[in-house]
Amino acid sequence: EDCKIVLITAGGIYLKSDKEFDLSDPNGDSTFRRIPHDANLKDLIITHKYYDHYDADRDPNLILPIDVLSELQYEGTVGPSCENHYSFMGHIQEPHLTTLIQKNSVQAAREIRLQKVDIALLVPA
């Protein structure tokens, strides 16, 4: 209950006001998006063509369980969220995979470390 938590998803979800993931490159998009811990799920959208996200479009908690986490926090079962959760788009191939590993994931990890996160919950899509 004292640990700070971050959610990390590979589901390609992001704020509607943010830049969408690039689907035009067959090798994927190695960038990530920050999603505030208190984001409203109605303000999120999924851009991903490598999995069927029909159900996740209807309930984004399937790939970014913000509401579930909030309920557990309200009950006192788990600790607080960090400022932002993080979303990547799965299906990344070379040459972008190297960029993901050496640059973008390192940047996200630095930000998460600065927020003094204790637990990262990884949610695949």
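Is phenylalanine 88 buried or exposed? At 11% relative accessibility, phenylalanine 88 counts as buried. The legends below start from the aromatic rings of this predicted model and then move on to a polar side chain and the cysteines.

**View 1. Phenylalanine 32 and phenylalanine 88 form a tilted aromatic pair.** The ring centres lie 5.5 Å apart, with 45° between the planes. This pair links distant parts of the chain: phenylalanine 32 belongs to strand β3 (residues 32–36), phenylalanine 88 belongs to strand β5 (residues 84–88), and 56 residues separate them. Phenylalanine 32 counts as buried because its relative accessibility, 9%, falls under 20%. Look also for Tyr86, since ring pairs join Phe32, Tyr86 and Phe88 into a cluster.

**View 2. Tyrosine 14 and phenylalanine 21 meet edge-to-face.** A search of the whole structure gives three aromatic pairs. In the one shown here, tyrosine 14 and phenylalanine 21 are 5.8 Å apart, centre to centre, and their planes stand at 75°. With 75° being over 60, the pair is classed as edge-to-face. Tyrosine 14 is buried, at 3% relative accessibility, and phenylalanine 21 is buried too, at 0%. The ring of phenylalanine 21 has a further neighbour: arginine 33 lies over its face, 4.2 Å from the ring centre.

**View 3. Asparagine 104 reaches the backbone of serine 30.** Asparagine 104 is part of helix α3 (residues 96–114). Its side chain comes to 2.9 Å from the backbone oxygen of serine 30. Leaving aside residues up to four places away in sequence, asparagine 104 touches Ser30, Thr31, Phe32 and Thr99. Phe32 will be familiar from the first view, where it pairs with phenylalanine 88. Which term fits asparagine 104, buried or exposed? A relative accessible area of 7% makes asparagine 104 buried.

**View 4. Cysteine 3 and cysteine 82 are in no disulfide.** Why does neither cysteine count as bonded? The sulfur of cysteine 82 is the nearest cysteine sulfur to that of cysteine 3, and it is 13 Å away, whereas a disulfide needs the two sulfur atoms within 2.5 Å. The view from cysteine 82 agrees: its nearest cysteine sulfur is that of cysteine 3, at 13 Å. The count of disulfides therefore comes to zero. The surroundings of the two residues can be compared here as well: cysteine 3 is partly exposed, with a relative accessible area of 31%, while cysteine 82 is buried, at 1% relative accessibility.

Note on methods: Residues are numbered from 1 along each chain as its sequence is written. This is a predicted model: local features need pLDDT of at least 70, side-chain atom pairs count only at pLDDT 80 or more; totals for chains, interfaces and linings use all residues. Side-chain values use heavy atoms; hydrogens and water are left out. Rings of Phe, Tyr and Trp (its six-membered ring) pair if their centres lie within 6.5 Å; planes under 30 degrees apart count as stacked, over 60 as edge-to-face and the rest as tilted. Buried means under 20% relative accessible area, exposed over 50%, partly exposed in between (1.4 Å probe, protein chains only). Helices (H or I, at least four residues) and strands (E, at least two) are DSSP runs, numbered from the N terminus. A charge sits over a ring if NZ of Lys or CZ of Arg is within 6 Å of the ring centre and within 35 degrees of the ring normal. A polar contact is a pair of N or O atoms within 3.5 Å; within protein, one must be able to donate a hydrogen and the other to accept it, and residues adjacent in sequence count only if both atoms are side-chain atoms. Contact means heavy atoms within 4.5 Å.
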